[in-house]
Amino acid sequence: GIANLVAETVAMLAVFAARSYGLQDIVLIGNLTRIDPIRRAFVGLSDSFGVRFIIPENAQFGTVIGAALYQK
């Protein structure tokens, strides 16, 4: 139940942000993408919201790569 709640909350925030820019594809990165119930929830929510959630291979490293590439 908690995994579903987390996935739905993240999905709703992502959907609203994507719609404000007219986007249909949402790329998910971070450690939450490794949890199977959350991953399945995103797949199920794609059709409900009319968007496509994309979870790339090794998505859990996306935040680390972004931090490493960040330069002040």
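The following paragraphs lead through a helix, a salt bridge and a loop residue of this predicted model.

Helix α2 covers residues 36–49 and thus comprises 14 residues. At 1.5 Å a residue, a helix of this length should span 20 Å, and the end C-alpha atoms of α2 are indeed 20 Å apart, so expectation and model agree. The buried residues of this helix are I38, A41, F42, L45, S46 and F49. Among the elements that cover them are helix α1, formed by residues 2–20, and strand β2. After α2 comes G50, which has a positive phi, near 70°.

Strand β2, residues 52–54, also takes part in a charged pairing, since it contains R52. In general, side chains of opposite charge can pair when their charged atoms come close. The structure holds one salt bridge, in which the side chains of D25 and R52 meet at 3.1 Å, N to O. This distance lies within 4 Å, and the pair therefore qualifies as a salt bridge. The two partners belong to distant parts of the chain, 27 residues apart, with D25 located in strand β1 (residues 25–27). D25 has a relative accessible area of 40% and is partly exposed. R52 is likewise partly exposed, at 48% relative accessibility.

Beyond β2, the chain enters the loop that leads to helix α3 (62–69), and Q60 is found there. Is this loop residue buried or exposed? Q60 has a relative accessible area of 18%; because this is under 20%, the residue counts as buried. Apart from neighbours within four places in sequence, Q60 is in contact with G30, N31, T33 and R34.

Definitions and conventions:
Residues are numbered from 1 along each chain as its sequence is written. This is a predicted model: local features need pLDDT of at least 70, side-chain atom pairs count only at pLDDT 80 or more; totals for chains, interfaces and linings use all residues. Side-chain values use heavy atoms; hydrogens and water are left out. Helices (H or I, at least four residues) and strands (E, at least two) are DSSP runs, numbered from the N terminus. Buried means under 20% relative accessible area, exposed over 50%, partly exposed in between (1.4 Å probe, protein chains only). Contact means heavy atoms within 4.5 Å. The expected span of a helix is 1.5 Å times one less than its number of residues.
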